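Me: I have a structure open here and would like to learn how to read it feature by feature. Could you walk me through it, with the general idea before each case?

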Amino acid sequence: MTPPRAATGSTVPKRGRGNRPSGLDLLAAAVGAVPGGAARPGQQQMAEAIGRSIADREHLLVQAGTGTGKSLAYLAPALTVDGPVVVSTATLALQSQLVEHDLPRLADAVEPVLGRRPTFAVLKGRHHYLCLARLDNSTEDEPEDTLFDAPARPAGGTKWLGEAGRMGKQIQRLRDWAEKTDTGDRDELDPGVDDQAWRLVSMPARECVGAARCPFGAECFAEASRARAREADVVVTNHSLLAVDMLAGRHIVPPHKLLIVDEAHELADRVSSAAQAELVPELIDRSARRARPLLRPEVADRLTEAGDALAVGLAEAPAGRLTAGLPGPLREACTLLDAATRAALEAIGDVKADDPDPVRKQQAKAALDELSTTAQRLLEEGDHDVAWVEKPDNGSRRALVVAPLSVAGTLATHLYDERTVVATSATLALGGRFDTVARALGLDAPPPTPPTPAAAALAASTTRGDAATAPVATAPGSNAATGTVPATSGPGWRSLDVGSPFDYARQGILYVAAHLPRPSVSGLPEAAGEELLALVGALGGRTLGLFSSRRAAQQAAELVRARTDLPVLLQGEEALPLLVRRFRQERESCLFGVMSLWQGVDVPGDACQLVVIDRLPFPRPDEPLAAARAAAVDAGGGSGFAAVSVPIAAVRLAQGVGRLIRATGDRGVVAVLDSRLETARGYGPFLRRSLPPFWYTTRADVARGALERLAKS
């Protein structure tokens, strides 16, 4: 195997100390380097607040609306810190934007001011990188331990020869790519390979033997990425790896003094996912096959028997949360699995440098150790964990899952120690306050206190809108959403809402169909369907439909297709990127879908001027974690619905509503077909205060009239 070439700029000097420009100086340089660039008050306010937090070593929550330019607002002051600085994002899209656009532009702009060019690096999980040891052991033929791993197929579930040949071609292309790539990063492989092929040439962290014992340790792409990160000024990573780093004792991400968490409203969920574990019969079977060459037959057979017992237990158990402990068959399966994995691990022994194949031995041990740990965790039935049986609608995969009831304690212990944390998002102040998100992130919200003169001035500077009449509709008798987000603080942390450069009250309308019956049945109620038709017809397409269930989205698509000539794009009928591209290009089209569209669609301009939300996005009763967390609050004398379900709905609703106004020239209507947003006295005002300050109305004729005028413009 030819060693990979060193990545360009992979070795960079550490930043020197001494006097440096301020974050505002660097921000001004970055903005000035853009033709026609102009400073934005919210962007400057955010950069200044981050600078103060760095100086005072005080954590900061910053809500920055769409269009603020928050990436530059936090990157500029970050360059004043003795590096590295770590930036964590929730999505690959934002990670790519930072690395491919924002950071290169910033580096060019500030080089004359700093006297040198800042450096940056991307840090991803080990499985994102090509593993030369796995590649060396892979073959073009179908390997035994993956032959039956694919989803069920019409011809009995096994691969047909043509597909096996396609796998071989992908492996050979990966071999060719390994000779040329500088980074081994999967995202740089174009065209890509499917997930199953990539699994054959990548190494999860738990299965890695370490550079010292690996025959390819000196050439390891993952280790090279870590080395580059240690030398860079800015390290861009993701919430999933950040969560793993916290749970593993913080030895993956380089030591740093400043952590910036973008899309921070997603962090707690990503930490929950990282701390979640599951038992799947197919995984036990695969682990048994992988370990069999290292075991006596009777020991390997015990693993297979445990997998069979789990399959029987899952078949008998209903889907959903296990509120009364593990059912007998599942408890027996976990007990068998725990004993079998312990025996197998003892038989395999330690991984040694002189083992004939330390890589495969470590893989087998890691898989067994994970199974053993999960089985023991399920058998403990700790109060801090939630367990459930998962059965997808198609029945293709059944699992026994366990996850933490809360991760606030984990975050409080591991997120803030020995570093300053800046958490930012367009959705942090729920109901007009930061308290809910602060608690979820492990920061105890303080009791309300009278605002100081400085806090009052700050709150006044971030007023979220007034009752100005929107130009797209004249609505006598309607009221506008108003309010402020107070600047709060607690022990060691502060919060700030810098608003948005968008004039929401003039650019858009929030219409709530208060006359519709309260939604009660699943799917799309008939009255809501008629309301949808009237709104879509008034505009003539250009509609993004965000639905609470796949059934409702399908019913809406069928209805609009049957009653209009408008093209309707339905999530699931084609790849999502292709659907979004067509939605942008076809002016009269409608795009209907479910939860992944609520956050992942960015369509500025007149291609999207109507966003329709069928019902408030409360968690379903069968969402195990949400249900368990709500039950825990109820048991403590509180309201689980208010403490858990309402905040979840607030974040989701704000993200969905945020699809409408993406640029300063955008105009349109958000239509919520759930009357509870207006009529529910308890949580309705809270949810409305969590949204951008659109001009608000409950009059259907006003909304349709505005859409008709937009259709003619």
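Reply: Happy to, and let us start in the middle of a helix packing. The cover over the buried residues of α12 includes β6 (277-279), α11 (281-291), α13, α14, β8 and β9 (399-404). Please keep in mind throughout that this is a predicted model.

Me: Which residues of α12 are the buried ones?

Reply: They are V299, A300, L303, A306, G307, L310, G313 and L314. The general idea is that an α-helix has 3.6 residues a turn, so residues three or four places apart point the same way. In α12 the buried residues cover an arc of only 140° around the axis, which means that they lie on the same side of the helix. On the other side of α12, P297 and E316 are exposed.

Me: How many residues does α12 have, and what span is expected for it?

Reply: Helix α12 (residues 297-316) has 20 residues, and 28 Å is expected at 1.5 Å a residue. From first C-alpha to last, α12 reaches 29 Å, close to that value. You can apply the check to α13 too: its 21 residues should span 30 Å, and the end C-alpha atoms are 30 Å apart, which agrees.

Me: Which residues of α13 are buried, and what do they pack against?

Reply: The buried residues of α13 are L330, A333, C334, L337, D338, A340, T341, A344, L345 and I348. They pack against β6, α11, α12, α14, β8 and β9. Just after α13 comes G349, with a positive phi near 80°.

Me: Now for helix pairs. At what angle do α13 and α14 cross, and with which handedness?

Reply: For a pair like this, look at the axes, then the handedness, then the residues in contact. The axes of α13 (residues 328-348) and α14 (residues 358-380) come within 8 Å and cross at roughly 145°. The crossing of α13 past α14 is left-handed. Among the residues making the contact are C334, L337, T341 and L345 of α13 and A364, L368, L371 and A375 of α14. By class, this contact of α13 with α14 has eleven nonpolar, four polar and six charged residues.

Me: What do α1 and α2 look like when read in that order?

Reply: Helix α1 (residues 23-32) and α2 pack at an angle of about 145°, with axes 9 Å apart. Here α1 passes α2 in a right-handed crossing. L24, L27 and V31 of α1 meet Q43, Q44, A47 and E48 of α2. The residues of that contact divide into four nonpolar, two polar and one charged.

Me: Next, backbone angles. Which residue in the loop between α2 and β1 should I look at?

Reply: Look at R57, in the loop between α2 (41-56) and β1 (59-63). Most residues other than glycine have a negative phi, and most peptide bonds are trans. R57 has a positive phi of about 55° although it is not a glycine. R57 is also exposed, with a relative accessible area of 72%. A further case is E381, in the loop between α14 and β8 (385-390), with a positive phi of about 50° although it is not a glycine.

Me: Is E381 buried, exposed or partly exposed?

Reply: E381 counts as partly exposed because its relative accessibility is 36%, and the partly exposed class runs between 20% and 50%. Another loop residue to look at is E188, between α6 (161-178) and α7 (195-199). E188 is partly exposed as well, at 47% relative accessible area. Leaving aside neighbours within four places in sequence, E188 is in contact with W177 and T183.

Me: What does V386 touch beyond its sequence neighbours?

Reply: V386 is found in strand β8 and is buried, with a relative accessible area of 6%. Not counting residues up to four places away in sequence, V386 touches R321, V401, V402, A403, L405, P624, L625 and A628. V386 and R629 are 243 residues apart in sequence, yet 9.0 Å apart in space, C-alpha to C-alpha.

Me: How many helices and strands are there in the chain?

Reply: The chain has 27 helices and 19 strands. Of its 713 residues, 52% count as buried. Among contacts between residues at least 6 apart in sequence, 79% join residues at least 24 apart.

Notes. Residues numbered from 1 in each chain as written. Predicted model: local features only at pLDDT ≥ 70, side-chain atom pairs only at ≥ 80, totals over all residues. Heavy atoms only, no water. Axes fitted to C-alpha atoms, helices over the stretch in contact; angles between N-to-C directions. Helix = DSSP H or I, 4+ residues; strand = E, 2+ residues; numbered from the N terminus. Left-handed = near helix turned anticlockwise from the far one by under 90°. Contact = heavy atoms within 4.5 Å. Nonpolar A, V, L, I, M, F, W, Y, C, P; charged D, E, K, R; others polar. Buried < 20%, exposed > 50% of the residue type's maximum accessible area, 1.4 Å probe, protein only. Expected span 1.5 Å × (residues − 1). Arc of directions from axis to C-beta.
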